[in-house]
Each structure stands twice: as structure tokens, then as C-alpha cells.
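User: Please take a close look at one sheet in this model. I would like its strand order, its edges and what packs on it.

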Amino acid sequence: MLKKFLRFLVIVGVTLTLTACTSTKKSTTSMKVIRIGILRVPNDVAATRQMKILKKACAQNGYKVKYITFDSGVDANKALLSNSVDLATMGDTNAVVAMAAAIPAKLVWINDVIGNNEALVVKKKLGIRQAQDLRGLKIATPFASTSHYSLMMYLQQQHLTDQVTLVDMQTPEIVAAWQRDDIDGAYTWQPSLDSLHASTTLVSSDQLAERGTLTANVTLVTNKFAQQHAEILRQILSTLGTAHTLYQQQPQKIYQLTAQQMNITSNEAKQQIGTSSWLPSDQLVQFMNTEFAKQFYQTSQFMYQRQTLNSRPNRQQIQQFIDTQFIIEGKTR
């Protein structure tokens, strides 16, 4: 929730996992550092790291990279506000929070449109077959996440708002609570989703997207970095675009690359990526400025109505916040 988030923005105690890329041609002491906040998932950032193309693009332009791993978009927003990172990946609901909180940053990339790798599951032994059977049950989800938003939208569509007890839990807590039988269901993402055994899936995020409730993982950049390092930002997004193009052409290669980067199997990477969509650069600009911008506005209005935002964003704010000028359409490396 934004009010709770704002009270703790000044307390930035994030555990950092740092990995630096270096260049054999230049002294690391003379190279500028780019700090990129990431979520530990098999996405386009993981693929470009394994392919070494992001490292190469950085080194050729006199930069090295520090990767900072976050457990949530809330932590990523804290780091953006405190200028502890230059770029950060998060769910689009946390990007809405960043915009509403006036964090000096812009949304410059969509890493993926979420598919069946996020879903609402309930314990199979409950015998639940339809949404109306959820009345009175206890459902866990990480609050302020894309899963939380999808769950609330689903309950609203099914006229079940306030008919279900929602519990705020992080993904490891969800798995533990499921095993203890403390919860009846959960809306969460992979790989925790796959750890909820003996479950029945009621709805997934790709199904909700078909009904007009789209969610995505996105990248934000600080205004300061975008202004001072525009060219290297374009190169970074270009390397991510290369991964998107490869996923369109050779998905199995992406499964292998992300699996190697995360030390999991290719099948596990495939399962965790699921049906998420990686749009190529030549489609992404139009998508961000049209369908996604419309969805982002709808998400912000819903979050305001649910009192998770202190102010009501308008379309002009969103138009200024979503910035596609750094995307090099169709260019690959």
C-alpha cells in the first residue's frame, strides 16, 4: 500500500547482491558504473547477461554494471527514490506506485506481458470448481504486486469483493503457509506457483488479459540517468530487444540461456516463463503508447479507488511517465 510504502521510503535497508561486468580493455577504476535492479526470474535481463551482450555493450562505451537483486518492486522503488539504482525491473503495479509517489523516474521498457506464470490456485481437497465457491476463504498474495491487482480485479468481476479474506504474504511465506494448511488458496507467480502442490487453477493472468486486465513486468530508469546517459540507455534497451527477437525465433534458446544464468533446468525456465509475451522492439513502441498506456491508466484508477494511492493519476501524467524515445526499433546486436 502506498501510505505504508511512503512512511518507509527513507529507510532503505535493501540487501544487495552485486555482480559486476568488467572489461579487459579498460581500467575498471576509470569506467562509469550502471546500477541495475533486477528480480531473480528468467527474463530478458537474465538472457542478455548469459549472452554477454549487455556486458559487451557496456564495456565498449566505458561502463561496467552492478546487478542488484530485489525481492519485490517495493524495494526497487525505495532504491530508485534514494538513487541507489539507475534502472530497475518491477511489476507494472509498482510502477503505478512510483508514478503516483512522484519518484523521479520513467517507464522505458516492458520486459514481458505476464501469462500463465501467474495464477490463482486453491487447494484441490476443497473441491472448488467455480469462483462463487471462494466465499469465506483465505487467499494469500503479495500486496501491491501484479498478482494482487489481478486477484482484486478477478474478485470484482465475479462480484466477490470483500467476500474473500486476503492475506499479504511474500512468495516464500505463501509456500510455507500452503504446506501448513494456513491458507485456502493463493494468487502468485512462478516458481512459487509450482510449489503449491495438489492445487486447482481457477484463473491465470493470460486469461484475465483476454478479459481486459493485462499485467506486465517493466523497467524504470531514473530521470537523472536518462538525461545524462541517454546513449548507453538506448544500447541497454537494444540488447534487451535482441533477447526479445531471439525468443520469437528460438524460444528453446532463451530457455537454455536463462536456465544457465539462474542455475536451473531448461524445463524449469520454460515453466517459469510460461506464456508470457516478449514483444520485439518494432512492436513495443506502439504497444506501450496505446494498449499498455490504456491499461496502465485503468490500473491506476482501480488502485486509487481501492485507496492504495494517495492521489488520482491522470492521462497526462501517464503519457509523460511512459517514455519510448530510448527504444531503437528493429535494431539488434
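Analyst: What follows goes through the sheet, then one edge residue, then the helices on the sheet. The model is a predicted one.

The sheet is open and has five strands. Their order is 7-6-8-5-9, and the pairing is mixed. Strand 7 (165-168) and strand 9 are the edges. Each has a single partner strand, so one side of each lacks a neighbour in the sheet. On average, neighbouring strands are turned by 25° against each other, direction ignored.

Take strand 5 (residues 118-123) and strand 8 (residues 185-189). They run antiparallel, joined by five bridges. Glu-118 has Trp-189 of strand 8 as its bridge partner.

Glu-118 also leads to the edge: Ser-204 is in contact with Glu-118, as well as with Asn-116, Ala-119 and Tyr-187, leaving aside neighbours within four places in sequence. Ser-204 belongs to strand 9 (residues 199-204). Is Ser-204 buried or exposed? Its relative accessibility is 7%, so Ser-204 counts as buried; the cut-off for buried is under 20%.

Now the helices. Helix 6 (residues 146-157) lies across strand 5, strand 6 (138-141), strand 7, strand 8 and strand 9. Helix 6 runs at about 135° to strand 8. Helix 7 (residues 171-180) packs on the sheet too. Helix 7 touches strand 5, strand 6, strand 8 and strand 9. The direction of helix 7 makes about 150° with that of strand 8.

Terms used. Residues numbered from 1 in each chain as written. Predicted model: local features only at pLDDT ≥ 70, side-chain atom pairs only at ≥ 80, totals over all residues. Heavy atoms only, no water. Helix = DSSP H or I, 4+ residues; strand = E, 2+ residues; numbered from the N terminus. Buried < 20%, exposed > 50% of the residue type's maximum accessible area, 1.4 Å probe, protein only. Contact = heavy atoms within 4.5 Å. Pairing = 2+ DSSP bridges. Axes fitted to C-alpha atoms, helices over the stretch in contact; angles between N-to-C directions.
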